[in-house]
Structures are given as structure tokens and as C-alpha cells.
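I opened this notebook to record, step by step, what I looked up in one structure. The entries follow the order of my queries.

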Amino acid sequence: MEGWDPSTKSTLTRIPLLTTKAGPRDGDAWKQRLKEEYKSLIVYTQMNKSNDNDWFRISASNPEGTRWTGKCWYVHNLLKYEFDLQFDIPVTYPATAPELELPEIDGKTQKMYRGGKICLTVHFKPLWAKNCPRFGIAHALCLGLAPWLAAEIPILVDSGMIKHKDDAASSAES
């Protein structure tokens, strides 16, 4: 954690670590892992809300907890840019991190591949591997998606690759 800013360090230390090493094929152990995932996500969401840093909504979209969908957003120049968020839990989870997808901006940046999956290979994947099985979905959002949004969205907006929904609506009316 050396080299991280104090805010990230503080946030990360307050997200509960997970203890159950189980994936979607592990039956009751996976159910226990899913409970831990939800607990961790709830704590992280509450923490964000209390710090006025609410930036995502997510939930399992199937009863098995292997498909997750939701929304994430980033505020740039006082405008809120909102994106669909989705991912599947890999069968080798938690050894393999989920591949977070923002399908709406697929192909608009080189730090994205295959259908809107954000590139986390260089910085995040080694960190995930080092912390397996203690890291979960909340950690992937905190240390994977949040920094990716902060790095990429301002560039995409400033380059004109993505437009605010109000700008897109007014240009469509013209």
C-alpha cells in the first residue's frame, strides 16, 4: 500500500476483507462467499455515501450471483457522466478477478478491450493475485474501476469521444 494516496489507503482499510475461498462451482461455500461479498459491498457503499462520494449502484442479476449489473458515474466539470456496468464472476473466482465492462464506451479508448471490458491487467491484476481470496467485488470497484474512471473519463470527455447526455440531446434536436 506504499505509494497510495491517504484517501485510497483509508478507504481500502475500511472495506471488509473476505475469508471464504470459493467460486461459483463450490456450492454452499459459494453461498457463504456471496454473503461476504454483499457485506463488503454494503460497507463500501455506506462509506461512499457518508463521504459524499456515491458513484455506483450494483446488484446480482441472477440468483446464483454470477452475473452483476448496475450503473457507475463520474463527475467531470460539474457534469455527471453515467454508464452501464456489468460483469460476470469467472468460474476460477476468486483466483481470477472479474472483468468489469462499460459497454457504452466500447472502442472509445485504448484502455479497453473486447466488448467494453476495461483494461486492468498492468496495475490491478497483480494486486488482486497477491490478495486472493481476501479481495472481492467491492475491492475490484475501489481499486480497479474507480481509478480507471478517474483516469479515462476526463480524457474521453475533453477529446469529444463521449458527450454529456444534455449535449447529446441538444445536438440531436438541432
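Is Lys-71 buried, partly exposed or exposed? I looked up its relative accessible area, found 32%, and entered Lys-71 as partly exposed. I note at the outset that the model is predicted.

**Entry 1. The partner of Lys-71.** I searched for a charged partner and found that Lys-71 forms a salt bridge with Asp-84, with the closest N and O atoms 2.5 Å apart. Lys-71 belongs to strand 2 (residues 67-76) and Asp-84 to strand 3 (residues 79-88), so this pair ties together parts that are 13 residues apart in sequence. For Asp-84 I read a relative accessible area of 30%, and it is therefore partly exposed.

**Entry 2. A second pair.** I then examined Glu-82 and Lys-80, whose side chains meet in a salt bridge at 3.9 Å, N to O. This distance is within the 4 Å allowed for a salt bridge. Glu-82 has a relative accessible area of 39% and is partly exposed. Lys-80 is also entered as partly exposed, at 39% relative accessibility.

**Entry 3. A pair within a helix.** My next query concerned Arg-33 and Glu-37, which are joined by a salt bridge of 3.0 Å, N to O. Both residues lie in helix 2 (residues 28-50), and they are 4 residues apart, about one turn of the helix. Are these two residues buried or exposed? Arg-33 has 0% relative accessibility and counts as buried. Glu-37 is buried as well, with a relative accessible area of 1%. Buried here means under 20%.

**Entry 4. Charges overall.** How many salt bridges does a search of the whole structure find? I recorded 8, and the pairs described above are among them. As a general remark, side chains of opposite charge can pair when their charged atoms come close. I also looked up the 22 positive and 21 negative charges of the protein, and their mean positions are 6 Å apart.

**Entry 5. The fold as a whole.** I counted 5 helices and 5 strands in the protein. Read along the sequence, the pattern is α-α-β-β-β-β-β-α-α-α. The C-alpha trace spans about 55 × 35 × 30 Å along its principal axes. The radius of gyration is 17 Å, which agrees with the value near 16 Å for a compact globule of 174 residues.

**Entry 6. Interior and surface.** Buried residues account for 42% of the 174 residues. The protein exposes about 9,500 Å², of which carbon and sulfur atoms supply 53%. Finally, among contacts between residues at least 6 apart in sequence, I noted that 51% join residues at least 24 apart.

Conventions
Residues are numbered from 1 along each chain as its sequence is written. This is a predicted model: local features need pLDDT of at least 70, side-chain atom pairs count only at pLDDT 80 or more; totals for chains, interfaces and linings use all residues. Side-chain values use heavy atoms; hydrogens and water are left out. Helices (H or I, at least four residues) and strands (E, at least two) are DSSP runs, numbered from the N terminus. Buried means under 20% relative accessible area, exposed over 50%, partly exposed in between (1.4 Å probe, protein chains only). The radius of gyration is taken over C-alpha atoms; the globule rule is 2.2 Å times the number of residues to the power 0.38. Contact means heavy atoms within 4.5 Å. Accessible areas come from the Shrake-Rupley method with a 1.4 Å probe; for residues, only the protein chains shown count as cover. Lys and Arg count as positive and Asp and Glu as negative; His and the chain ends are not counted. The place of a charge is taken as NZ of Lys, CZ of Arg, CG of Asp or CD of Glu.
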